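I sat down with this one to look up a few things and jot them here as I went. Have a look along with me.

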Amino acid sequence: MKFDYKKSLGQNFLKDKNIIKKIADSINPTEEDLIIEIGPGAGALTKELVKKKSEVICFEIDTRLKEILEEINSEKLTIIFKDFLSIKINEYIDQNKYKNLYFVGNLPYYITTAIINKIVKESNPYEITIMVQKEVADRFSAKPGTKDYSSISIFLQYNFDIERVCNVSKTCFEPVPKVDSSVIKFKRNKKISANDEEKFYKLIKDSFTQKRKNLRNNLKGYDLNKIQAILKKYDKDLTARAEQLSIEEFVDISNNI
Ligand code: SAM
């Protein structure tokens, strides 16, 4: 395709038909659902998504893609030329109209976390299928006690089941980026709930403030005696580091301090 790709917008377009098909095949909405694609680019994936049973709404920041995207002829498709991060989802989508929301995106990696946070904050996603740098996929699905386990792993695993759809070699894109990618899927599945989620998210963030430091150091402003008593149940104490605690243990602390 002849196009002046903008690096600053993360414009590496998918050209591998097998990968495009694999992503599309992993998304199976009904007529009552809605697909929201963020960053359709030249529409490689969009063309497959409009073959699904549901409507599709796309948000693309680059108006230079207008002509190319408007060539996709489908009554089910709405394209909105806006920065997804600067809009309010509710202003564009009547969420009550749909049973389940399926988010899909192949976006610049530096905004992945901001996009996921926004989706979770402003909507109740049924599924989020997203292309990320391979190492980021490892971090998202990391388990306690491993070096990749961080506050974002806990935030995501608290809200979703995480599944890897496929790994994607850098040669599947045009232009070819520096790193390999993975497509991962977050599926809504809350197995355990904190009584106060804001408090729970803050506790996690504070616990990981300095990764090398233990809980006693990172949680100085908290009632450490109470936390110590809860940790004792799990044969742990304040010398533990945040990366050693499971989601259930964080929920227990958050609910009881
Ligand atoms: N989905 C297409 C594909 O797979 O071929 C394009 C992927 S490309 C990696 C990322 C796309 O996201 C680009 O088209 C870019 O213009 C768009 N984009 C970047 N930042 C965005 C934002 N904040 N809101 C909406 N779209 C954005």
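**Aromatic rings**

I began with the side chains and found F155, Y158, F200 and Y201 forming one aromatic cluster. One caution before I go on: this is a predicted model. I then asked how many aromatic pairs there are, and the count comes to 14.

I picked out Y102 and Y126, an aromatic pair that is tilted, with 5.3 Å centre to centre and 55 degrees between the planes. I placed Y102 in strand β5 (residues 101-106) and Y126 in the loop between α5 (112-122) and β6, so the pair ties together parts that are 24 residues apart in sequence. I looked up their accessibility too: Y102 is buried at 6% relative accessible area, while Y126, at 27%, counts as partly exposed.

I noted Y149 and F208 next, a pair that is edge-to-face, with 6.3 Å centre to centre and 70 degrees between the planes. I see distant parts of the chain linked here: Y149 sits in the loop between α6 (134-140) and α7, F208 in the loop between α8 and α9 (215-218), and they are 59 residues apart. Both rings belong to buried residues, as Y149 has 0% relative accessibility and F208 has 9%.

**Helix against helix**

How do α7 and α8 pack? I found helix α7 (residues 151-159) and helix α8 (residues 197-207) at an angle of about 150 degrees, with their axes 9 Å apart. Angles over 145 degrees count as roughly antiparallel, so α7 is roughly antiparallel to α8.

I listed the contact: S151, I154, F155, Y158 and N159 from α7 meet E197, F200, Y201 and I204 from α8. I sorted these residues into six nonpolar, two polar and one charged. The aromatic cluster from my opening entry turns up again here, since F155 and Y158 are among the α7 residues and F200 and Y201 among those of α8.

I moved on to α11 and asked which of its residues are buried. They are I247, E249, F250, V251, D252, I253 and S254. That is seven of the nine residues of α11, so this helix is largely enclosed by the rest of the structure. I checked what covers the buried residues, and the cover includes α7, α8 and α10.

**The sheet**

I traced an open sheet of seven strands with mixed pairing, in the order β4-β3-β2-β5-β6-β9-β7. Its edge strands are β4 (77-80) and β7 (160-168), each pairing on one side only. The twist averages 20 degrees from one strand to the next.

I looked closer at β6 (residues 127-133), which pairs with β9 in the antiparallel sense over seven bridges. There I found V132 standing opposite S182 in β9.

I also asked what packs on the sheet, and helix α1 (residues 17-25) does, touching β6, β7 and β9. Its direction makes about 165 degrees with that of β7. I saw α7 lying across β7 and β9, running at about 110 degrees to β7.

**Backbone oddities**

I reminded myself that most residues other than glycine have a negative phi, and most peptide bonds are trans. I then found a cis peptide bond joining E174 and P175, with omega about -10 degrees. P175 lies in the loop between β8 (173-174) and β9 (181-188).

I stopped at D235 as well, a residue other than glycine with a positive phi near 60 degrees. I located D235 in the loop between α10 (224-232) and α11 (247-255). Buried or exposed? D235 is exposed, with a relative accessible area of 76%.

Note on methods
Residues numbered from 1 in each chain as written. Predicted model: local features only at pLDDT ≥ 70, side-chain atom pairs only at ≥ 80, totals over all residues. Heavy atoms only, no water. Helix = DSSP H or I, 4+ residues; strand = E, 2+ residues; numbered from the N terminus. Buried < 20%, exposed > 50% of the residue type's maximum accessible area, 1.4 Å probe, protein only. Axes fitted to C-alpha atoms, helices over the stretch in contact; angles between N-to-C directions. Parallel < 35°, antiparallel > 145°, perpendicular 65-115°, else oblique. Contact = heavy atoms within 4.5 Å. Nonpolar A, V, L, I, M, F, W, Y, C, P; charged D, E, K, R; others polar. Pairing = 2+ DSSP bridges. Phe/Tyr/Trp six-rings, centres within 6.5 Å; stacked < 30°, edge-to-face > 60°.
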